[in-house]
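Let's walk through this structure together, one site at a time. Have the sequence and the coordinates open as you read.

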Amino acid sequence: MAKQPTHEELLKAAIWSQLSRVYTSIPCIIVTVHDNLEEQRVDVQPCINLMKDDGTIEERGVILNVPVMFPSSSTSAITFPLNVGDNVACLFSMRAMEVFNESDGKPSTPDNYAKFNQKDAYCIPGLQTRRASVNNPANHRLTHNTKDLVVCHNIGTANEVEIRLKPNGDMIVTSPNKVEVKCKTAVINATTSLAVTSPNTTWNGNIVHNGTLSTTTVIATSVTATNVTGGGKSLSNHVHSNVQSGSSNSGPPV
């Protein structure tokens, strides 16, 4: 005759049975990205399989329409693309989220009594395995330092682009293509120097220059100026010596 389980064993089995239905958090992988993330919804599959008491292994089912949480407020946000195959951390609400998800974000009443349910997940991007770590310099095309604060995109590709803030206060913007700034007014205040290195530079519009302009060669179709000084001689105010009538040239300016 089989031994009857004790009350303690029955209670423990019941507790473990209920806990197996409680979802708290689990790593997931994105299997679908909806509408280019315009509504911040993805489908995910938990990455840790279900291991049963009899030794069998079962993959967990896909969780549909999971909200994505980006660092944001009602007026500001940091957003970025998510791709099928990306890992995320999924958290599960202590109460049903369906009504809240369709609301304006104000306090709302759930339409069922579910708690810690698989359907009530939301996810946070950024969870990486050690092998896929985006902070590993080997996974970058550009030189990467883990001591820097970095905003980067297209990691590991020919189009990798980044803004890098160094511990010494330097800021470096690196792009393989174009860097464009659009604004109403731009001001650069460099207390020591400003250097621009480019084989060609184009300025469209009027230029007002205050201070000394030092250059080796100036090539222009037309130059209009109040006064130009060359070799210590004023173009507007100089006079010529040894002026003679006839076809002879005058002397140099004085």
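Which side chain of opposite charge is nearest to Arg60, and how far away is it? Before the answer, a word on the model: it is predicted, so local features need pLDDT of at least 70 and side-chain atom pairs count only at pLDDT 80 or more, while totals for chains, interfaces and linings use all residues. Residues are numbered from 1 along each chain as its sequence is written, and side-chain values use heavy atoms, with hydrogens and water left out.

The nearest such side chain is Glu58, 8.1 Å away, and Arg60 has no salt bridge although it is buried. Here a salt bridge is a side-chain nitrogen of Lys or Arg within 4 Å of a carboxyl oxygen of Asp or Glu, with Lys and Arg counted as positive, Asp and Glu as negative, and His and the chain ends not counted. Buried means under 20% relative accessible area, exposed over 50%, and partly exposed in between (1.4 Å probe, protein chains only). The Arg60 side chain does reach the backbone oxygen of Ile48, at 2.8 Å.

Now turn to Thr143, in the loop between β7 (121-125) and β8 (149-153); strands are DSSP runs of E, at least two residues, numbered from the N terminus. Thr143 counts as exposed because its relative accessibility is 73%.

Finally, the cysteines. With a disulfide taken as a pair of cysteine sulfur atoms within 2.5 Å, the count is zero. Cys90 is in none, its nearest cysteine sulfur being that of Cys28 at 3.6 Å. Cys90 is buried at 0% relative accessible area, whereas Cys183 is partly exposed at 48%.

Terms used:
Helices (H or I, at least four residues) and strands (E, at least two) are DSSP runs, numbered from the N terminus. A polar contact is a pair of N or O atoms within 3.5 Å; within protein, one must be able to donate a hydrogen and the other to accept it, and residues adjacent in sequence count only if both atoms are side-chain atoms.
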